[in-house]
Amino acid sequence: MADSIWQGLRIMWQLPDLLVFCCLWGSGLSFGYYLKSAFVYDNLWPHWYALVGGSMALILALGWTLRKRGKQRYSYDHYYIIFYGLLCSLLGSCFMLTKQLAVSYYFSFVGLSVVFVSSFSYVSLRSEASGLRPARLALGNACHACGLTCGFVLFNEFEPQRCGLIELGVNLLLLLLVCVNELLQHLGVHNYKESRDLVFNLLNEERLVFLPRQAILVQFVDRRDYKLLQSRQWLVLLLGGFVVLLQRCCLLHSPVHLQLMWSATLGFVQRAQLYTPFALYTSGCALSALLLLRYTPKLVYLLFGVIQITLVIALLCIYDEEQPEHCFLFLCLIYASAGVLSSQLIHWLLECSPFLYAELSLAIGFFLQLFIMEACKYETNLDNIWTALLASSLTNLFLTLLAIILVLWLQPRTASLVDVRNRLLGIRRLNLPAAQTQFWHTNHFLAHNKQPHELQSVQLDKSRVFQQFPISESNAKADKF
């Protein structure tokens, strides 16, 4: 087990894979700038910046889907799309240097949305069939959350030029590394335009990866080692994906929990450390990446889902408007557990979607996440803080419990992308005993020219019966050992 984990980690740190994690960090940096501006300086007014970026991600994913449908194969254009996203972020940082923050956010959100979709798609496709895909996606999610925390710490609305200069340097460095990566690809030093999933690679090269369900089922007709059931791919994707999406967003983007966390931090440590909830969320994301190297996504989600439900109930019991510092430790654990659960959505959308619509599913999920983030700002319209906290917490409890049930019921075991697709389409492999294993149970194949009365059955255990020749004269009956 330790050797397989080390092998997976060693494969992860090749340049194309390391670079895509750095791009996710840069995408999170821009997102952290916006969250600091919206939640701290701008008094939680709803904005259109995020939805413009999400809409751009949808347009990109739709065009990408049409291109895949036309070519009938993956051409691994991810780094070209990432290059465009980094250029948009670079333009956003240039506008920030001129103190035009509104225009800067439009370009930054377009850039971070494009990088988010293409980077996670690439991480999923590059994963091998050994079951490390959830860990790789969780690591990408941790890099994005780490960038978000760094952006939240660094941003200062009264010094936009300093923040713009930092973002400009980061985007220029990432653009340079993308160009170096493409140069190494051209020189044949490495090949980032292939998956480590051998079966997926073979189907992609033969242009069979986007076949409709009926064409796939034809390959398994009259095969005794498979049985065909009803497809449940769209049920898993739509029902499970929507509930897991709501569960991920309702707590992370809740202004009521965020304001309570800031008040509790100020009362507990006597300092206004506004980045605390995002730092705890990032630590949970990193812990998720480590746990998924060893444990299945179902087990991790079940364990930390139950932990989060318990913590939210405890928070409601201990809440005191006059002494918010009593809630500090509970809120720390709640945000950390939210980070552990957060990568489940990305894993679900990319692994359970049809290959043709994987990027489109992720883009829709990201757009809905941004929409919920803006809609959650209306929580502050409630005058009574306890009422708002109770409503938000009860919603979170219900969604977490429902998400746990759906994950345990619907999520397939992670493996090769083709194996996951076959299970979702209702193609199940039967565990039939192989023909040669019968030799271990009996030696009839050695007694071809012997008459039945010349052999003596000797039972070695409940399932192993051997034929003895010649018959033992000392005991004419069957010996039983």
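The legends below walk through several close-up views of a predicted model.

**View 1. The whole chain sets the scene for the close-ups.**
Let's begin with the full picture before zooming in. The chain contains 18 helices and four strands. Of its 481 residues, 53% are buried. If we take contacts between residues at least 6 apart in sequence, 80% of them join residues at least 24 apart. The accessible surface of the chain adds up to about 22500 Å², and carbon and sulfur atoms account for 65% of that area.

**View 2. Helices H3 and H15 pack against each other.**
Two packed helices are described by the angle between their axes and the distance between the axes. Here, helix H3 covers residues 49–71 and helix H15 covers residues 358–375. Their axes come within 8 Å and cross at roughly 170 degrees. Because angles over 145 degrees count as roughly antiparallel, H3 is roughly antiparallel to H15. To find the contact in the structure, look on H3 for residues including Leu51, Leu58, Leu62 and Trp64. On the H15 side, the residues in the contact include Ala363, Ile364, Phe367 and Phe371. Sorted by class, the contact of H3 with H15 has 15 nonpolar, three polar and three charged residues.

**View 3. Leucine 350 sits in helix H14.**
Helix H14 spans residues 328–352, and leucine 350 is part of this helix. Is leucine 350 buried or exposed? Its relative accessible area is 5%, so leucine 350 is buried, since buried means under 20%. Which residues does leucine 350 touch, leaving aside its neighbours within four places in sequence? They are Phe120, Ser121, Ser124, Leu137, Ala358 and Leu362. One of these partners, leucine 362, is 12 residues away from leucine 350 along the chain, and the C-alpha atoms of the two are separated by 6.7 Å.

**View 4. Serine 108 is a buried residue of helix H5.**
Serine 108 belongs to helix H5. Its relative accessible area is 4%, which means that serine 108 is buried. Apart from neighbours within four places in sequence, serine 108 is in contact with Ser30, Cys88, Ser89, Gly92 and Glu167. Among these partners is cysteine 88, which is itself buried, at 6% relative accessibility.

**View 5. Cysteine 143 has no disulfide partner.**
A disulfide is a covalent bond between the sulfur atoms of two cysteines. How many disulfides does a search of the whole structure find? The search finds zero. For cysteine 143, the nearest cysteine sulfur belongs to cysteine 146 and is 7.1 Å away. A disulfide needs the two sulfur atoms to be within 2.5 Å, so this pair does not make one. Cysteine 143 counts as buried, with a relative accessibility of 18%.

**View 6. Glutamine 72 and lysine 99 have positive phi angles.**
Our last stop is a pair of loops. Glutamine 72 lies in the loop between H3 and helix H4. Although glutamine 72 is not a glycine, its phi is positive, at about 60 degrees. Glutamine 72 counts as partly exposed, at 28% relative accessibility. Where is lysine 99? Lysine 99 lies in the loop between H4 and helix H5. Its phi is near 65 degrees, again a positive value in a residue other than glycine. With a relative accessible area of 55%, lysine 99 is exposed.

Technical notes. Residues are numbered from 1 along each chain as its sequence is written. This is a predicted model: local features need pLDDT of at least 70, side-chain atom pairs count only at pLDDT 80 or more; totals for chains, interfaces and linings use all residues. Side-chain values use heavy atoms; hydrogens and water are left out. Helices (H or I, at least four residues) and strands (E, at least two) are DSSP runs, numbered from the N terminus. Buried means under 20% relative accessible area, exposed over 50%, partly exposed in between (1.4 Å probe, protein chains only). Contact means heavy atoms within 4.5 Å. Axes are lines fitted to C-alpha atoms, for helices over the stretch in contact, and angles run from 0 to 180 degrees between N-to-C directions. Angles under 35 degrees count as roughly parallel, over 145 as roughly antiparallel, 65 to 115 as roughly perpendicular and the rest as oblique. Ala, Val, Leu, Ile, Met, Phe, Trp, Tyr, Cys and Pro count as nonpolar, Asp, Glu, Lys and Arg as charged, and the others, Gly among them, as polar. Accessible areas come from the Shrake-Rupley method with a 1.4 Å probe; for residues, only the protein chains shown count as cover.
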